[in-house]
Amino acid sequence: MTPAHSFLEMFSWIPIYEETAQRLMEYEDCQRELIAELKEMQKRKLSVIPLGDASGELQEIDPFTFMANFNRQMIWDKRFKLWEVLKERWQLQSELPSDFHGIPVLPAIGAWYLSSNRRPDDIPALWKLAKSVLKGEGDFDEAFNRCFQIEDIGLTKISLGLFCLAP
């Protein structure tokens, strides 16, 4: 058994996270569809991130906030059901996880990577960072430093987001 093989066996969530992250890159120009996926989960009575703030209902979303929906402090069954719905709707090929060991979680109230006081280029900056990690596009250091300037994003939160997109 190779070390990589045993690592994947130890953390059953890695394949579906990686597949989801790659699929997310298709949604940069159709973010309302991502929001619609969260609304569908909400219609199914599942716990999702807040879909609005003081400025109104979300009209755009970044990949880190979308993934944070699955990485909040909640019981295992609720997290699993979220993945079950996404797998079904996106027809993901990866197996559903049998565990969530090793994934750091965000407090439910702090799951957004976008700030209610966001600047117009904050969400595009988060997409740029995700593309630099997943597709090798652009300058990672520049994208990382720009995202580090977004209100309410510190080193811990941005590291967690990067880990979940590219474990």
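In which helix is aspartate 141 found? I looked it up in the model, which is a predicted one. Aspartate 141 sits in helix 7. I then checked whether this residue is buried or exposed. Its relative accessibility is 51%, and the cut-off for exposed is over 50%, so aspartate 141 counts as exposed. I also took the distance from aspartate 141 to leucine 129, which lies twelve residues away along the chain. Their C-alpha atoms are 8.9 Å apart.

**Entry: the whole chain**

I stepped back to list the elements. I found eight helices and two strands in the protein. Following the sequence, I wrote down the order as α-α-α-β-β-α-α-α-α-α. The radius of gyration came out at 15 Å, and the globule rule gives 15 Å for 167 residues, so I noted the protein as being as compact as a globular protein of that length. The C-alpha trace spans about 45 × 40 × 25 Å along the principal axes.

I looked up burial next. Of the 167 residues, 49% are buried. I also looked at contacts between residues with a separation of 6 or more. Of these contacts, 70% join residues that are 24 or more positions apart.

**Entry: helix 7 and helix 8**

I went back to helix 7 and asked how it packs against helix 8. Two packed helices are described by the angle between their axes and the distance between the axes. Helix 7 covers residues 140-148 and helix 8 covers residues 155-165. Their axes are 10 Å apart, and the angle is about 130°. An angle from 115 to 145 degrees is neither roughly perpendicular nor roughly antiparallel, so I recorded helix 7 and helix 8 as oblique to each other. The crossing of this pair is right-handed.

Which residues of helix 7 meet helix 8? I listed Phe140, Phe144, Cys147 and Phe148 from helix 7. On the side of helix 8 I listed Leu155, Ile158 and Leu162. In this contact seven residues are nonpolar, with no polar and no charged ones.

**Entry: helix 6 and helix 8**

Helix 8 also packs with helix 6, and here the axes come within 10 Å and cross at roughly 45°. That angle makes helix 6 oblique to helix 8. I noted a right-handed crossing for this pair.

From helix 6, the residues that meet helix 8 are Leu129, Ala130, Val133 and Leu134. Their partners in helix 8 are Ile158, Leu162 and Leu165. I sorted the residues of this contact into seven nonpolar, no polar and no charged. Ile158 and Leu162 of helix 8 had already appeared in my list for helix 7.

**Entry: helix 2 and helix 5**

I then looked at helix 2 (residues 14-24) and helix 5 (residues 76-90). Their axes come within 12 Å and cross at roughly 50°. Helix 2 and helix 5 are therefore oblique to each other. This crossing is left-handed.

The contact residues I found in helix 2 are Ile16, Tyr17, Thr20, Arg23 and Leu24. Those in helix 5 are Arg79, Trp83, Leu86, Lys87 and Trp90. I counted six nonpolar residues, one polar and three charged in this contact.

**Entry: two loop residues with positive phi**

I checked backbone angles next. Lysine 45 has a phi near 65°, which is a positive value in a residue other than glycine. I located lysine 45 in the loop between helix 3 (31-43) and strand 1 (52-53). Its relative accessible area is 74%, and lysine 45 is exposed.

Glutamine 91 has a positive phi too, near 50°, and is likewise a residue other than glycine. I placed glutamine 91 in the loop between helix 5 and helix 6 (122-134). With 61% relative accessibility, glutamine 91 counts as exposed.

**Entry: tyrosine 113**

Is tyrosine 113 buried or exposed? I found tyrosine 113 in the loop between helix 5 and helix 6. Its relative accessible area is 2%, under the 20% cut-off, so tyrosine 113 is buried.

I listed its contacts, leaving aside neighbours within four places in sequence. Among them are Asp62, Phe64, Thr65, Ala68, Leu106 and Leu126. The list also includes Ile150, Ile153, Lys157, Ile158, Leu160 and Gly161. Last, I took the distance from tyrosine 113 to lysine 45, which is 68 residues away along the chain. The C-alpha atoms of these two residues are separated by 23 Å.

Technical notes
Residues are numbered from 1 along each chain as its sequence is written. This is a predicted model: local features need pLDDT of at least 70, side-chain atom pairs count only at pLDDT 80 or more; totals for chains, interfaces and linings use all residues. Side-chain values use heavy atoms; hydrogens and water are left out. Axes are lines fitted to C-alpha atoms, for helices over the stretch in contact, and angles run from 0 to 180 degrees between N-to-C directions. Helices (H or I, at least four residues) and strands (E, at least two) are DSSP runs, numbered from the N terminus. Angles under 35 degrees count as roughly parallel, over 145 as roughly antiparallel, 65 to 115 as roughly perpendicular and the rest as oblique. A crossing is left-handed if the near helix is turned anticlockwise from the far one by less than a right angle, and right-handed if clockwise. Contact means heavy atoms within 4.5 Å. Ala, Val, Leu, Ile, Met, Phe, Trp, Tyr, Cys and Pro count as nonpolar, Asp, Glu, Lys and Arg as charged, and the others, Gly among them, as polar. The radius of gyration is taken over C-alpha atoms; the globule rule is 2.2 Å times the number of residues to the power 0.38. Buried means under 20% relative accessible area, exposed over 50%, partly exposed in between (1.4 Å probe, protein chains only).
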